[in-house]
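Biologist: I am new to this structure and would like to go through it with you. Could we begin with a term that we shall need along the way?

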Amino acid sequence: MSEIKSARPLSPHLTVYRFRPTMAMSILHRITGGALYVGTALVVWWLIAAASGPVAFSYASGFFGSILGRLILFGYSWALLHHMAGGIRHLVWDTGRGLEKETSTKFAIGTLVASLAGTVLLWLAVIVF
């Protein structure tokens, strides 16, 4: 093995970059995408329970009506809205707009704010109606 160092530059690593909101939203977009798989499996369970009869449906409804079930549903609805807002952000970027550093940072923060506000409004509507 040669002792001479290569003149090639090293690949950038996470320690080279300053953590930015766009990076956080990219990571959250991937996480929420994975969470949607699990949440959708739970929705399928609920639908199968509804089709299977009153006993299975009451069991599934009892789970989703519990504190843990409602917490999971709240998280699922946030993941759904956050993933949708991130998808809209990427759709805008696909048009070539909003790619400047300041604008993309504002879009990233807006994605988080929109998903949180949408989730709260959705759950307020569920509680009221």
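Modeller: Certainly. A residue is called buried when its relative accessible area is under 20%, exposed when it is over 50%, and partly exposed in between. Please keep in mind that this is a predicted model.

Biologist: Then let us apply that. Is Y59 buried or exposed?

Modeller: Y59 has a relative accessibility of 61%, and the limit for exposed is over 50%, so Y59 counts as exposed.

Biologist: And what about W45, with its relative accessible area of 29%?

Modeller: W45 falls between the two limits, so it is partly exposed.

Biologist: Why do you call the pair of W45 and Y59 edge-to-face?

Modeller: A pair of aromatic rings is described by the distance of the centres and the angle of the planes. For W45 and Y59 the centres are 6.2 Å apart and the planes stand at 80°. Planes over 60 degrees apart count as edge-to-face, and therefore this pair does.

Biologist: Which parts of the chain does that pair tie together?

Modeller: W45 belongs to helix α1, residues 21-52, and Y59 to helix α2, residues 54-65. The pair therefore ties together parts that are 14 residues apart in sequence.

Biologist: How are the rings of W46 and F57 arranged?

Modeller: The rings of W46 and F57 form a tilted pair, with 5.8 Å from centre to centre and 50° between the planes. W46 is in helix α1 and F57 is in helix α2, eleven residues apart, and the pair links distant parts of the chain.

Biologist: How accessible are W46 and F57?

Modeller: W46 has a relative accessibility of 35% and counts as partly exposed. F57 is also partly exposed, at 31%.

Biologist: How many aromatic pairs does the structure hold?

Modeller: The structure holds six aromatic pairs. In addition, W45, Y59, F63 and F64 form one aromatic cluster.

Biologist: Let us turn to the surface. Which residues make the nonpolar patch?

Modeller: V43, W46, L47 and F57 make a nonpolar surface patch of about 330 Å². Helix α1 gives the largest share of this patch, with three residues, while F57 lies in helix α2.

Biologist: Now the whole chain, please. What does its secondary structure come to?

Modeller: The chain has four helices and zero strands. Read from the N terminus, the order of elements is α-α-α-α.

Biologist: What is the radius of gyration of the chain?

Modeller: The chain has a radius of gyration of 21 Å, whereas a compact globule of 129 residues would have one near 14 Å. Along the principal axes, the C-alpha atoms fill a box of roughly 75 × 40 × 25 Å.

Biologist: What percentage of the residues count as buried?

Modeller: Of the 129 residues, 22% count as buried. The chain exposes about 9700 Å², and carbon and sulfur atoms supply 73% of that area.

Biologist: And what of contacts between residues that are distant in sequence?

Modeller: Among contacts between residues at least 6 apart in sequence, 64% join residues at least 24 apart.

Biologist: Could you give me an example? Where is T119 found, and which residues does it touch?

Modeller: T119 is found in helix α4, which covers residues 101-128. Leaving aside residues up to four places away in sequence, T119 touches F74, S77, W78 and L81. Its relative accessible area is 1%, which is under 20%, so T119 is buried.

Biologist: How far apart are F74 and T119?

Modeller: The C-alpha atoms of F74 and T119 are separated by 7.6 Å, with their positions 45 residues apart along the chain. F74 lies in helix α3 and is partly exposed, with a relative accessible area of 35%. Apart from residues up to four places away in sequence, F74 touches T119 and W123.

Biologist: And L81?

Modeller: L81 is also in helix α3, residues 67-94. With residues up to four places away in sequence not counted, L81 touches S115, G118 and T119. By contrast, 31 Å separate the C-alpha atoms of L81 and H13, which are 68 residues apart along the chain.

Biologist: One last residue. Is T105 buried or exposed?

Modeller: T105 has a relative accessible area of 14%, under the 20% limit, so T105 is buried. T105 lies in helix α4 and touches R20, P21 and T22, not counting residues up to four places away in sequence.

Conventions
Residues are numbered from 1 along each chain as its sequence is written. This is a predicted model: local features need pLDDT of at least 70, side-chain atom pairs count only at pLDDT 80 or more; totals for chains, interfaces and linings use all residues. Side-chain values use heavy atoms; hydrogens and water are left out. Rings of Phe, Tyr and Trp (its six-membered ring) pair if their centres lie within 6.5 Å; planes under 30 degrees apart count as stacked, over 60 as edge-to-face and the rest as tilted. Helices (H or I, at least four residues) and strands (E, at least two) are DSSP runs, numbered from the N terminus. Buried means under 20% relative accessible area, exposed over 50%, partly exposed in between (1.4 Å probe, protein chains only). Patches are made of residues with over 30% relative accessible area and no salt bridge: like charges are joined within 9 Å, nonpolar side chains (Val, Leu, Ile, Met, Phe, Trp, Tyr) within 5 Å. Accessible areas come from the Shrake-Rupley method with a 1.4 Å probe; for residues, only the protein chains shown count as cover. A salt bridge is a side-chain nitrogen of Lys or Arg within 4 Å of a carboxyl oxygen of Asp or Glu. The radius of gyration is taken over C-alpha atoms; the globule rule is 2.2 Å times the number of residues to the power 0.38. Contact means heavy atoms within 4.5 Å.
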